[in-house]
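This report describes selected local features of one protein chain. It is intended to be read alongside the sequence and the coordinates.

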Amino acid sequence: MPGGRCLRPHRPIPSRLVVAVVLLLLSSGAATGCSVGSVGSVGSVGSVGTADSVGGEPSATAPAGRETSQPVDTAERTAAASALMAQRAAAVGTHDKRAWLATVADPASAFASDQSSVFDRMARLPVGRYGEQSLQAGPPLDAAQRQRYGATAWVASVRIAYQLTGFDHGLRTVDTSYVVTRTPVGWRLAGITGPGDAQPWDLSPLTVLRSPSTLVVGNAPESTLRSYLTMADAAHARIAAVWGTAVPSVVVAPKDARDLVEQLHRSADAGLDQVAAVTDGPLEPGHVAAGDRVYVNPTAFAGLSDAGRREVVTHELTHVTVRATTTQAVPLWLSEGFADHVGYATVALPPRTIAAALLTQVRAGHGPTQLSSDADFDPATGAIATAYTASWLAVERMAARYGEPRVVAFYRAVADTADTADTADTANTANTAPADAATRTARAFPAALGVSEQAFTADWVASLQALAR
């Protein structure tokens, strides 16, 4: 994952890979880790309300049966759907399950039962702001759906924005396509078309654990979630010692790979088998990440030793803190290498052991000659071990030569919002676009470290050769 900014929308980028020989020491099987951020914009929240907000309220639950046959007015039905969303938002804020279920057309339906369970799970989470951000007509129902839901039924594509109080500093969004139908007592929700965007409250049965710095949510065994909470709390202390602060974090723990894929809205062939954990969240260019989640891959994570698990959790939570305190994209070699620099401090193994597979390549004359490119971190295109290990050793070399505080200063210089170097280049800075990540990185080397990027790369390559001897 890009620590300051994720560069590939909606695609996981592994952020922690336990490779080759290290697996024999840190794990009992092949495992990796991953961080990713989806670039997107929440924008204005529109009708998102606070916990005590109240919207238009169709209060009576409609009886089961067909809708009335009156003509349908587009403006009327859209306004009615918005009122239903407002009622549901108010119900979440006031923990009023009756009001939530009153938006459902048939209280005896499987959809009503599902909505009852969803509400119960949501009530266990610290959901604060919750409500409609946008609503528009979705694709038309097919013949079978129209037969099932009635002639006046239509699809409302709704984007809901929400916030987990105490952990999110911005909004996350949920896209859901509801079937809306007219009943004798007004418009109501009759179902959902398509899978929608899975959220932590869709995991069942749901367990929620929390400390002042960590919220752990999932349907994995409670003992597993408790171990995540303990590791995350320890990781926050390590991160604060290096970065200067550590932000509260949310860890999502699915019970299996299928739930993980659904939570990440990824395809099953996205390369997640190489990933032990993923950091994902909405990103708005020029703004800090304010709603990240760390998702744990239960299969890969289970194959790690205790030391490997601590490293993965520390690595991912480093991404969360860095993304929440920087606003510009950085190269993946820097974000991933820095997160491993913080994480590997929890592992009592020498670099030659951790980097054994890479050093074998160096001895054979096939070692890296350039810092890893962003494409090298994509698990969907091939093995990602070399990119991670090489990037970690680049940051380790930087810390050895210049000290950890200057590594942090270098990172902040690359991820800094202020692009002061551009102001000297033009008198009309108002129309000057911010420098890209490569340009900011090239500038940060001499500014923070007193060396050019080319000179640092040559020194790092030489250090790999020395380490491989």
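The sections below treat model confidence, one strand and its partners, one loop residue, and the aromatic pairs.

**Confidence**

The structure is a predicted model. The chain has an average pLDDT of 83, and 80% of the residues score at least 70. Two segments stand under 50: residues 1-69, for which the model has 278 contacts beyond four places in sequence, and residues 419-432, for which there are 14 such contacts. Where pLDDT is low, the predicted coordinates should not be read in detail.

**Strand β9 and its partners**

Strand β9 covers residues 214-218, and five of its five residues are buried, so the strand is largely enclosed by the rest of the structure. In a regular strand the side chains alternate between the two faces of the sheet. In β9 both faces are covered: T214, V216 and G218 are buried on one side, and L215 and V217 are buried on the other.

Strand β8 (residues 207-210) runs antiparallel to β9 and is joined to it by four bridges. The connection from β8 to β9 is a hairpin of three residues. Within this pairing, V208 has V217 of β9 as its bridge partner.

Strand β10 (residues 249-253) pairs with β9 in the parallel sense, over five bridges. Here V217 stands opposite V252 of β10. Between these two strands the chain passes through helix α6 (residues 222-243), and the resulting β-α-β crossover is left-handed. V217 thus has a partner in β8, namely V208, and a counterpart in β10, namely V252.

**Residue N297**

N297 lies in the loop between β13 (293-296) and α8 (298-302). Is this residue buried or exposed? With a relative accessible area of 6%, N297 is buried, since the cut-off for burial is under 20%. The side chain of N297 reaches the backbone nitrogen of T299 at 3.1 Å. Leaving aside neighbours within four places in sequence, N297 is in contact with L260, L272, V275, A276 and A277.

**Aromatic pairs**

How many aromatic pairs does a search of the whole structure find? The search finds 13. In one of them, the rings of Y228 and F301 have their planes at 90 degrees, so the pair is edge-to-face. This pair links distant parts of the chain, with Y228 in helix α6 and F301 in helix α8, 73 residues apart. Helix α6 is also the helix through which the chain crosses from β9 to β10. Y228 counts as buried at 7% relative accessibility, and F301 counts as buried at 3%.

In another pair, the planes of W333 and F445 stand at 20 degrees, so the arrangement is stacked. W333 belongs to helix α10 (residues 332-344) and F445 to helix α16 (residues 437-449); the two residues are 112 residues apart, and the pair again links distant parts of the chain. W333 counts as buried at 3% relative accessibility, and F445 counts as buried at 0%. W333 and F445 also belong to one aromatic cluster, together with F410 and F456.

The geometry of the two pairs is set out below.

| Pair | Distance of ring centres | Angle of planes | Arrangement |
|---|---|---|---|
| Y228 and F301 | 5.3 Å | 90 degrees | edge-to-face |
| W333 and F445 | 6.4 Å | 20 degrees | stacked |

Technical notes:
Residues numbered from 1 in each chain as written. Heavy atoms only, no water. Buried < 20%, exposed > 50% of the residue type's maximum accessible area, 1.4 Å probe, protein only. Pairing = 2+ DSSP bridges. Right-handed = clockwise from strand over helix to strand, strands pointing away. Polar contact = N/O pair within 3.5 Å; in protein donor to acceptor, adjacent residues only side chain to side chain. Contact = heavy atoms within 4.5 Å. pLDDT = per-residue confidence, 0-100. Phe/Tyr/Trp six-rings, centres within 6.5 Å; stacked < 30°, edge-to-face > 60°.
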